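Here are a few friendly notes to read alongside the structure. They cover a pair of helices and then the cysteines.

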Amino acid sequence: MASESKKVGNAAEIDRLALVFAKDPGSKVFIPLAEEYGKAGMWEEAVAVLEDGLKAYPGFITAMVALGRAYEQMNQPVKAKAILEEAIKVSPDNLRAHRILAKLYTAQGAKESAIRSCNVILSLNPHDQEALSLCAGLEVPTTQGMAQSQEVLHEKPVKTTSLDSDRLHGEGMISAFDSTAMATKDGANGLSSSVPRSEEAPIPITRSTVSAAQKTRSPAIARLEQWLNLIQERRRDPQASS
């Protein structure tokens, strides 16, 4: 019922616009008239009106694109492609023209041309499903897809500077740090009472500990290495601390 009502309304609109066009053939009313013909599936009538209109308004982009669509609907791809290619020379970013051209190029196997039209659409609307679907079917990377790939390739790795305490425990470094940090700090401030003496229990410092620290070198590790070296020097020369 709704469909029937729509057809009746469409027919009434066609009659109204046709009457206006008949009274003033030089008006641009031929555009909406052609659109109404298209809605009714009357593509031959749409083509006739558009061709006449373009005689009065040569280079009228809206009419050129509408005519290209009408030719495509009438299964005249050569005429459709010719008029649409003329249209995008004048209006390179015309989405409607590129949308029809992309389908025509795809049907003809002209992959590069189809991708070019798809890229124009995607540059203005990256989420256009029709263009994305055409590109996926062609199995050719689009400008949009290549740009995203480049972003991933040039993405900088995340830098981490925090130390893993479990790793430090496993390398025997936490215990050395805990037992010497305060003493070394006080010694650096000239407090001799905090400087470890030769008779105090030795702190285990091995070559593997220093090597492990070098592998995971960071500002904290560098400070710890300085403290350890200071302690070793004072052990070798106990008189230096007096």
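1. In this predicted model, a good place to start is the contact between two helices. From α3, the residues taking part are Trp43, Val47, Leu50, Glu51 and Leu54. They meet Ala63, Met64, Ala66, Leu67, Arg69, Ala70, Tyr71 and Gln73 of α4. Sorted by class, this contact of α3 with α4 has 10 nonpolar residues, two charged residues and one polar residue.

2. Next, look at how the two helices lie. Helix α3 spans residues 43–56 and helix α4 spans residues 61–73. Their axes are 9 Å apart, and the packing angle is about 150 degrees. Because roughly antiparallel covers angles over 145 degrees, α3 counts as roughly antiparallel to α4. The crossing of α3 past α4 is left-handed.

3. Now for the cysteines. How many disulfides does the structure hold? The count is zero. Cys118 is in no disulfide, and the nearest cysteine sulfur to its own belongs to Cys135, 3.6 Å away. Seen from the other side, Cys135 is likewise in no disulfide, with the sulfur of Cys118 as its nearest cysteine sulfur at 3.6 Å. A disulfide needs the two sulfur atoms within 2.5 Å, so this pair does not count as one.

4. Are these two cysteines buried or exposed? Cys118 is buried, at a relative accessible area of 0%. Cys135 has 4% relative accessibility and also counts as buried, because the cut-off for buried is under 20%.

Methods: Residues numbered from 1 in each chain as written. Predicted model: local features only at pLDDT ≥ 70, side-chain atom pairs only at ≥ 80, totals over all residues. Heavy atoms only, no water. Axes fitted to C-alpha atoms, helices over the stretch in contact; angles between N-to-C directions. Helix = DSSP H or I, 4+ residues; strand = E, 2+ residues; numbered from the N terminus. Parallel < 35°, antiparallel > 145°, perpendicular 65-115°, else oblique. Left-handed = near helix turned anticlockwise from the far one by under 90°. Contact = heavy atoms within 4.5 Å. Nonpolar A, V, L, I, M, F, W, Y, C, P; charged D, E, K, R; others polar. Buried < 20%, exposed > 50% of the residue type's maximum accessible area, 1.4 Å probe, protein only.
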